[in-house]
Amino acid sequence: MGAVPQQLIGDRRINTNVQMSKDAGHGAVLEEIEGLIKVYKDGYVERLPAVPHVPCTWACEPGVTSEDVALAGSSTDLWARLHMPVHRHQRFPLLVYFHGGGFCVGSPAWRCYHEFLARLTSHAACSVLSINYRLAPEHRLPAALEDGLAALRWVRQQAAGVRFDFGRVFLAGDSAGAAIAYHVAAAVGAEAAAALRPACLKGVILIQPFFGGVERTWSEKNLAQAADRSALSLAASDCYWRMALPPGANQDHPWCNPLAKGAPPLEGMRLPPLLVCVSELDILRDRNLAFCKALRNAGKGVEHKTYSGVGHAFQILHNYHMSRVRTNEMLIHIKAFITNIR
């Protein structure tokens, strides 16, 4: 199992210009999100600690136990943190979860994710498998998507065991992790992934999905993001996409913009029911709502919930006055979505 990075999702100030200062002989800084990540001219990537990471034994939620597991069969040393209710004689629904971080930073061991997902495990009476997928820019897309499919293959291999209710598997994620969950669900529904398509995949939960596009939405252009609150500004979004997409691709690449011309048509996709969680003050708000509308127009089963007075990643950063109230509402909505799908 690889070392666990310690960085925390956040905006900070974004430096999109080449910096002339040099660090440890790596040359100029080409991309930087202050306090989180620097990419140097020679390709060296420096991820900076923002908050402590915690071990799987970190007890933060009564009635929940956690362990780190190696996902055997993966060619990339894939691992995950598994949160489970302590009632092991029962088989609970399983959420395969992908953390946020612009595809470039993050870990299941971040304290904010460990605590949020342990709480989700308790409130929704499910097990949560939080995936430590490969990060850009060292591993640009589609690496994270490939790791998502590999994680689902591992889950399928556990079908004969007693740990999960394999008949009730959900994909979930927030921000970039929500984008991963969506693309993995689309791949599972495709003919090429028939081996991964039992009746087990019951639904997809997308929390503030991180999509983009060449043409800006109103909320991207007009929702000001306070430096002490924002987890995602437009400058940060652009920086993450430059680091995550294949070289030369723009933000109308299908992995970034599923509604772009040339993206697979939604009408032809086999998707399970979706729950999309949108934040009122998030720059992604309008893009998320347009995505929900396009899904409905394509005949897909989708419900969305909008959380007022909060912005991107409020449920893990607790950086708005109403964060904890809205997080409680989100947990109720997720539990209802899981419970109502049989």
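The paragraphs below go from the whole chain to one annotated residue and then to one helix.

The structure is a predicted model, and its protein chain contains 8 helices and 12 strands. Of the 342 residues in this chain, 55% count as buried, while the surface that the chain exposes comes to about 14,000 Å², with carbon and sulfur atoms supplying 52% of that area. If we consider the contacts in the chain with a separation of 6 or more, 72% of them are accounted for by residues 24 or more positions apart.

A residue to look for within this chain is S175, which the UniProt record, an unreviewed entry, lists under "active site". In the model, S175 sits in the loop that lies between strand β9 (164-174) and helix α3 (176-189). Is S175 buried or exposed? Its relative accessibility is 3%, and because buried means under 20%, S175 counts as buried. When its neighbours within four places in sequence are left aside, the residues in contact with S175 are G100, I207, Q208, P209, F210 and H312.

Further along the chain, helix α8 takes in residues 323-340, and because its 18 residues should span 26 Å at 1.5 Å a residue, the 26 Å between its end C-alpha atoms agrees with what is expected. In this helix, S323, R326, T327, M330, L331, I334, F337 and I338 are buried. These buried residues cover an arc of only 145° around the axis, and therefore they lie on the same side of α8. The face of α8 that is turned away from this buried side carries the exposed residues I332 and N340.

Conventions:
Residues are numbered from 1 along each chain as its sequence is written. This is a predicted model: local features need pLDDT of at least 70, side-chain atom pairs count only at pLDDT 80 or more; totals for chains, interfaces and linings use all residues. Side-chain values use heavy atoms; hydrogens and water are left out. UniProt positions are given in the numbering used here, feature names are shortened, and annotations may be inferred rather than shown by experiment. Helices (H or I, at least four residues) and strands (E, at least two) are DSSP runs, numbered from the N terminus. Buried means under 20% relative accessible area, exposed over 50%, partly exposed in between (1.4 Å probe, protein chains only). Contact means heavy atoms within 4.5 Å. Accessible areas come from the Shrake-Rupley method with a 1.4 Å probe; for residues, only the protein chains shown count as cover. The expected span of a helix is 1.5 Å times one less than its number of residues. The arc is that of the directions from the helix axis to the C-beta atoms.
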